[in-house]
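Got the viewer open and a selection box ready? Here's a short walk through the model, one stop at a time.

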Amino acid sequence: MDLSFSEEEVAFRDEVRNFFKENVPSATRQKLQEGRHLSKQEMIDWWRILNKKGWGVSHWPKEYGGTGWSSVQHYIFNEELQMAPAPSPLAFGVSMVGPVIYTFGNEAQKKHYLPRIANVDDWWCQGFSEPGSGSDLASLKTKAERKGDVYVVNGQKTWTTLAQHADWIFCLCRTDPAAKKQSGISFILIDMKSKGITVRPIQTIDGGLEVNEVFLDDVQVPVANLVGEENKGWDYAKFLLGNERTGIARVGVSKERIRRIRELAAKVESGGKPVLEDQGFREKLAAVEIELKALELTQLRVVADENKHGKGKPNPASLGVEDQGFRNPADHHRTVDGSDRPVRRPLRRAWRRRQQRSDGLDRADRAELFQQPQGLDLRRLQRDPAQHHHQGRAGVVVGGRQ
């Protein structure tokens, strides 16, 4: 299998890279480099720049605003976007509910929702997980009872990322309690302004408020908001997750984090030389980079084999990409239990010394280098790669994913 890029693909990469260099707002780029949260408006402004260029929903079919790019071009686009860095289009709309609507929705739903998703006129969130129904999603208890032309929805969703911004939520609801678990679920679109919806934030360990609980109490939803057939929602959810997995490893983000940590570590001295020149530090950083390269190659294989398993069917290897993406040592959303002293001690000593004199090193750089989870999590650098598969999930969530 040839995983190298052709001349045309390299030219495309240069075009995309130059566009991001010239069009990503400098304040937005700086916030992302420093691991700070963007405002809702900053994200919307950038996504509308992309949409104006014609790249906002690049992977959609052409008739709905897509570009007609190849799988490799999509891969290049996403990696360059993450490395710029630039905000990714809102996944819940662009990568999740949008493809479900244009694949399984009716014409009225396509005409109404798809242009609004592309231009971020509607902000979407995902109503899948529930208390007690995480890994066993099919056991969900949120129910939608049909009464004439409406469904009356009652239940609770949790870990709902960015629900505080959302205009709409796509929900899995149980519409046939007598059917076996997977067979009695429907895929329903719900206006977040509906009476009976309450959003309660869940504060994460880094102080963020991006994940939420969503309570639905006698929420009336028009039957017209049902996507596809009643009780077929499990099939649509599998389709959605298959679309999600190939890009979820976020290799480009990890590359940018490693680049940034190298840049910052080169500014901080320990023992009279930059920390980046410390042999132990370099060995640990190299181990992280090797794991990341393995993940990147796995993702490229998924891209190369995209059509092998049939249209709309997920590549089984994409499950591995998703899993390794969450284990990825450069993943800035998670941290790993264990001592970080072998790496942090020289950095902290250098920081204390530099606090005692003026040497031109920006305080924000020091904070970014030493305070995690901003940037690359240094605690991952001290972990023995041989223990990777045993310790990979022994972490504390510091950023939500729904």
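Before selecting anything, colour by pLDDT, which is the predictor's confidence in each residue, on a scale from 0 to 100. You'll want that because this is a predicted model. The mean pLDDT of the protein chain is 78, with 72% of its residues at 70 or more.

Now select residues 318-363. The pLDDT stays under 50 over this stretch, for which the model has 122 contacts beyond four places in sequence. Add residues 366-402: here too the pLDDT is below 50, and the model gives this stretch 126 contacts beyond near neighbours in sequence. Where pLDDT is low, the predicted coordinates should not be read in detail. Hide both selections and move on.

**The cores**

Show side chains for Phe-20, Phe-170, Phe-187, Leu-189 and Ile-190. These are the residues with the most contacts inside the largest nonpolar core, which has 71 residues. Helix α5, residues 91-104, gives the most to this core, contributing seven residues. Zoom in on Phe-20 and, ignoring residues up to four places away in sequence, you'll find it touching Arg-29, Trp-46, Leu-50, Phe-77, Glu-80, Leu-81 and Ala-84. There's also a second, separate core of twelve residues; to find it, pick Leu-276, Phe-281, Leu-285 and Val-288, which are among its members.

**Helix α2 and its end**

Next, select residues 26-33, helix α2. Which of its residues are buried? Thr-28, Arg-29, Lys-31 and Gln-33 are. Step just past α2 to Gly-35, and you reach a positive phi of about 75°.

**A tryptophan in a loop**

Go to Trp-69, in the loop between α3 (40-53) and α4 (71-83). Is Trp-69 buried or exposed? Its relative accessibility is 16%, so Trp-69 counts as buried. Turn on the contacts of Trp-69, leaving out residues up to four places away in sequence, and you get Phe-12, Trp-55, Ser-58, His-74 and Phe-77. If you like distances, try the C-alpha atoms of Trp-69 and His-59: ten residues apart along the chain, they are separated by 7.1 Å.

**A cis bond, then a helix pair**

In the loop between α4 and α5, stop at Pro-85. The peptide bond leading from Ala-84 into Pro-85 is cis, with omega near -10°.

Then select α5 together with helix α6 (residues 107-118): they pack at an angle of about 165°, their axes 10 Å apart. The two helices are therefore roughly antiparallel to each other. On the α5 side, the contact is made by Gly-93, Val-94, Val-97, Gly-98, Ile-101 and Tyr-102, and on the α6 side by Gln-109, Lys-110, Tyr-113, Leu-114 and Ile-117. The crossing of α5 past α6 is left-handed.

**Two strand-to-strand loops**

Between β1 (124-127) and β2 (143-147), pick out Ser-133 in the loop. Ser-133 counts as buried because its relative accessibility is 0%. Apart from neighbours within four places in sequence, Ser-133 is in contact with Ser-139 and Leu-140.

Last stop: the loop between β3 (150-157) and β4 (168-174), where Trp-159 sits. Trp-159 isn't a glycine, yet its phi is positive, about 55°. With 45% relative accessibility, Trp-159 counts as partly exposed. Leu-162 is in the loop between β3 and β4 as well, and this non-glycine residue has a positive phi of about 60°. Leu-162 is buried, at a relative accessible area of 17%.

Definitions and conventions: Residues are numbered from 1 along each chain as its sequence is written. This is a predicted model: local features need pLDDT of at least 70, side-chain atom pairs count only at pLDDT 80 or more; totals for chains, interfaces and linings use all residues. Side-chain values use heavy atoms; hydrogens and water are left out. A nonpolar core is a set of buried Ala, Val, Leu, Ile, Met, Phe, Trp, Tyr and Cys residues joined through side-chain atoms within 4.5 Å. Buried means under 20% relative accessible area, exposed over 50%, partly exposed in between (1.4 Å probe, protein chains only). Helices (H or I, at least four residues) and strands (E, at least two) are DSSP runs, numbered from the N terminus. Contact means heavy atoms within 4.5 Å. Axes are lines fitted to C-alpha atoms, for helices over the stretch in contact, and angles run from 0 to 180 degrees between N-to-C directions. Angles under 35 degrees count as roughly parallel, over 145 as roughly antiparallel, 65 to 115 as roughly perpendicular and the rest as oblique. A crossing is left-handed if the near helix is turned anticlockwise from the far one by less than a right angle, and right-handed if clockwise.
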